[in-house]
Amino acid sequence: MKTIALALFFVFPHLNTQDRQCYDLSTRSSWINMVCYDDGAMSIQMQGNTYNFCDVPSSVFVGLVNANSPGTYYDQNIRGRYRCSGY
């Protein structure tokens, strides 16, 4: 995870809160503002609401952060998957 985060650090606005990696996607998406990831737990801030996802592979997080269209990537790879129990 650290290697992936370091590779992305210079490309996208990045916040690091201990081991949690957060990226501001608002400059490339009108729908997704921020995405954060920490050891399989991912939260996405979309249109003022925050949604939590569990057991997300790091490759899915990296794909979202690197996507030309984060909204399209979300629809194709995340929507309806990785829900936390009780969600």
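Buried means under 20% relative accessible area. I need that cut-off for Cys84, which has a relative accessible area of 17% and is therefore buried. The model I am reading is predicted.

**Entry 1: disulfides**

I searched the whole structure for disulfides and found two. I took the one with Cys84 to begin with.

Cys84 is joined to Cys54 by a disulfide, with 1.9 Å from S to S. I looked up the angle about the S-S bond and noted 95°, a right-handed link. The pair links distant parts of the chain: Cys54 sits in the loop between β5 and α2, Cys84 in the segment after α3, and 30 residues separate them. I then checked whether Cys54 is buried or partly exposed. Cys54 has 25% relative accessibility, so I entered it as partly exposed, whereas its partner Cys84 is buried.

The other bond is between Cys22 and Cys36, whose sulfur atoms lie 2.1 Å apart. I noted 115° about the S-S bond here, and this link is right-handed. Cys22 belongs to strand β2 (residues 20-24) and Cys36 to strand β3; they are 14 residues apart, and the pair links distant parts of the chain. I found both Cys22 and Cys36 buried.

Which pattern do the disulfides of the protein chain follow? I counted the bonded cysteines along the chain and wrote down 1-2, 3-4.

**Entry 2: aromatic pairs**

I searched the whole structure for aromatic pairs and got four. I wrote up two of these in detail.

For Tyr37 and Phe61, I have ring centres 4.8 Å apart and planes at 20°, so I entered the pair as stacked. Why does this pair tie together separate parts of the sequence? Tyr37 lies in strand β3 and Phe61 in helix α2 (residues 58-66), so the parts tied together are 24 residues apart in sequence. I checked burial for both residues: Tyr37 and Phe61 are buried.

I next took Phe53 and Tyr74, an edge-to-face pair with 6.2 Å from centre to centre and 70° between the planes. Phe53 is in strand β5 (residues 49-53) and Tyr74 in helix α3 (residues 70-77), so this pair ties together parts 21 residues apart in sequence. Phe53 counts as buried because its relative accessibility is 3%. Tyr74 counts as buried too, at 8% relative accessibility.

I also looked for clusters of rings. Tyr23, Tyr37 and Phe61 form one aromatic cluster.

**Entry 3: Val35**

I went back to strand β3 (residues 32-38) for Val35, which has its place there. Is Val35 buried or exposed? Its relative accessible area is 0%, so I entered Val35 as buried.

I listed what Val35 touches, leaving out residues up to four places away in sequence. Cys22 is on the list, and I already had Cys22 as half of a disulfide with Cys36. Tyr23 and Phe61 are on the list as well, and both belong to the aromatic cluster with Tyr37. The rest of the list is Gln21, Leu25, Met42, Ser43, Ile44, Leu64 and Val65.

I also looked up the separation of Val35 and Tyr51. These two are 16 residues apart along the chain, and their C-alpha atoms are separated by 9.6 Å.

**Entry 4: strand β3 in short**

I collected my notes on this strand. Val35 is in β3, Cys36 of β3 is linked to Cys22 of β2, and Tyr37 of β3 pairs with Phe61 of α2.

How values were computed:
Residues numbered from 1 in each chain as written. Predicted model: local features only at pLDDT ≥ 70, side-chain atom pairs only at ≥ 80, totals over all residues. Heavy atoms only, no water. Helix = DSSP H or I, 4+ residues; strand = E, 2+ residues; numbered from the N terminus. Buried < 20%, exposed > 50% of the residue type's maximum accessible area, 1.4 Å probe, protein only. Contact = heavy atoms within 4.5 Å. Phe/Tyr/Trp six-rings, centres within 6.5 Å; stacked < 30°, edge-to-face > 60°. Disulfide = S-S within 2.5 Å.
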